[in-house]
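Good morning, everyone. Please have a look at the model on the screen, and then I will walk you through a few of its charged pairs.

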Amino acid sequence: MTNEKKVEEKSGLSLPKLDERVIYWALVVLLLLPFFVNMGIPLPLSPMTQEFYDYVDRLKPDSVILYSVDFGPGSLPEIEGSIVAVSKQIASKPIKVVIISVWEPTAAPVNEEKIVSVFKAAGKTYGVDYVNFGFLPGGEGAVARLADDFKGILKVDYYGNSIEDLPMMQNIKDATSFTMVIDGGFPSWLYMRQNWVPKYNIPLISIEAAGSAVEVRSMYPFSLKAILGGARAGAEYEVLIKSPGVAKKGLDSVTFGVILFVGTIALGNVIYVRSRRKK
Amino acid sequence: MQFYDFMYKGRIFVFFLLVFAILAVYYNIQRGKKGTAPKLRRILGLDAIDEAVGRATEMGRPIHFTTGYGGGGLDTPKSAAHLAGLSVLNYISDTAVKYRTPLIVSVCWPEEIPIIEEQMRLQYRKYGRLEEYQPDKIIRFFSTQSMAYAAGVMDTLITENVATNIMIGWFWGETLLMSETGARIGAIQIAGAPDTTSIPFFVATCDYVLISEEVFCAGAYVSGDPMQQGSLVGEDWLKILSMVIIAIGSILATLGLKDLVMSFLNI
Amino acid sequence: MSYKRREIPVVITAALAILVIFEYFFKWQDATNVSVRAQGWAVILASFAIGIGVVSTTIFHIRNVMGRVKKQWYLSAWLVFLMFATIIIGVGLGPDSSSYKWMYNTTINPLNATISTLLTFFGFSAAYRSFRARNIDATLLLVTAVIIILYVVPLGELITPSWSFVGNWLTSYPNAVVGRVLYATVVMGSIALGVRIILGYERGYLAGD
């Protein structure tokens, strides 16, 4: 690498001497531009996003789903669109939802702000249509015990109400009481996959960040029935449920960032090839 | 009495695989004791540890080591990789204490602190310099949150101007922050992680990378202990058995006998 | 290490590991109860370890303050102040109190997001430095990376509709296969490490011999 740097500096077009801050400022401008100017970048629908949507859409009335979302504040810029869009679709259906986080302690306030607010806005009744249990400590062991004896491990909800006082929890005993698990976050999907799916054969679909989505793809379609991955999936979901949100603008922003990214790599390689020829 | 009265359905096949794994590892450990176990292939990243530590010693700059955040500490399934990293730290600390090379260990999970303290104390005692041992100067605990921990490591790398940065364990979003900082200050970097989310960032920024299972054999490899190295051969036997099962299952599934395969796996 | 210091921890570790493994496969309620209790102890021990971390951090930063380390001592003083303020408010008023939530929402959340954002910039400089077509392997890596990154955003399909097919194929076949293989090797490596620990051949977690 040292030799390459010396060669590049002699080539006359030595980008390494270019202050990286120029690229960073260009990135900042390009990332902010879509928030002020409507770009209107077309968005083809991915089959995986459609498949995720269909899984939720097929839920029968009065189904009970476990909505286990473990995204902290740091992940929100990428994943907020997906979480809110999926929550809106769930809230539009006559199904019952148990909200929980099992891995990330900072996810409980995020769920309260992004998910519970959607259910409230949709006119859902707490305790009848949805329940929020906040963060469940104990990691995979707790998730395993949750599957075997739900009320044995959860006594109160996020607000301190006894589980016995919540009408929709009366018939919840264990994993067999649930129709589906929607998981968000890595590695909580792993906890669900290893403890809820094989033993109880509960369908599991997952919302992931783009990087994690590539990794969990190896579990599709056996353990994971559908994956919603990254900012693009969130934007597509907003289009599907016909409720535009932050994800589309965020995706336009990411798209411009990718253009600069590919351009930077291309420029670096052009200089590299030129310098090798000169050498 | 039926079989499923005392064993869980769907776990029996896995149980026999585990029994095979334990027997294979134990048998090869015994082979290692006798010196008849096959030799391990070279792993460049682990061979480079000596070079990296030597570089830091010559330059008089510190070595930095960390096992990462990874989403969980020693009480989670991520503990295997963290323990593997601590095994490598045991080896590094021996050389560092011997040649008086400054060593800094960044910790994300505080349950590792007593283990590291004891490792370092034993090394200092081994070289008769227990009075020089100051754990607070070696071990830096930052936070159990990924980004706060990464910020602390980044600061440590820059302010301490480390010559060598070794990251072996389980990492998550903090990977690129730490490894890119190390690359910018010109440190020689050896990194290893079992998960696919970290490996690409390490490949892009580090000099040597241990991929997946190479992390778990790190302790056995660097120690040179023949019994531990024998256990790695046992692990390879398990891989060979898995490949055979996958091949048979793939052929049967292609022939339309997928249900037969699944019923066998779900015994 | 004396005999007792070496052998007793190994025996305890082995016994608990065998119990947890046994409980996973065999239906024996007593074993399940003990295993569940033991796993709970692990969580409690890990939580207690936070106290060790607090003490260690405090000592390190108090030393910086007392030694008036240049450009560092005031940051260390601020860190110690914030750490104990958070502990006092959290323990005294509870984590559900408005003060604690305010503190959390105005400091930790934005700081987490800020550090996460650095990843973008670091990704640029790392990619610029390392994504060079130096040889065939590097070129293949570069081309694949560009295909995938354009597949993740709509750009690829704007160039040609076939882009989604290629991207989908790459993520569904080579990526999925390698992901499963790596996952399997991680599991096997963990098993081998676990067996070494149970049999007492792996002493790294006991601070070596």
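Let me begin with Glu180(B), which is buried at 0% relative accessibility, where buried means under 20% relative accessible area, exposed over 50%, and partly exposed in between, with a 1.4 Å probe and protein chains only. Before going on, I should say that this is a predicted model, in which local features need pLDDT of at least 70 and side-chain atom pairs count only at pLDDT 80 or more, while totals for chains, interfaces and linings use all residues. Residues are numbered from 1 along each chain as its sequence is written, chains are lettered from A and ligands numbered from 1 in the order in which they are written, and side-chain values use heavy atoms, leaving out hydrogens and water.

Which side chain meets that of Glu180(B) in a salt bridge? The partner is Arg184(B), at 3.2 Å from N to O, a salt bridge being a side-chain nitrogen of Lys or Arg within 4 Å of a carboxyl oxygen of Asp or Glu. Arg184(B) is partly exposed at 40%, and because the two are four residues apart in helix 7 of chain B, about one helical turn separates them; helices here are DSSP runs of H or I with at least four residues, and strands are runs of E with at least two, numbered from the N terminus.

In helix 11 of chain B, Asp236(B) and Lys239(B) lie three residues apart, and they form a salt bridge with the closest N and O atoms 3.1 Å apart. Lys239(B) is buried at 13%, whereas Asp236(B) is partly exposed at 39%. Salt bridges with shared partners join these two, Glu213(B) and Glu235(B) into one network.
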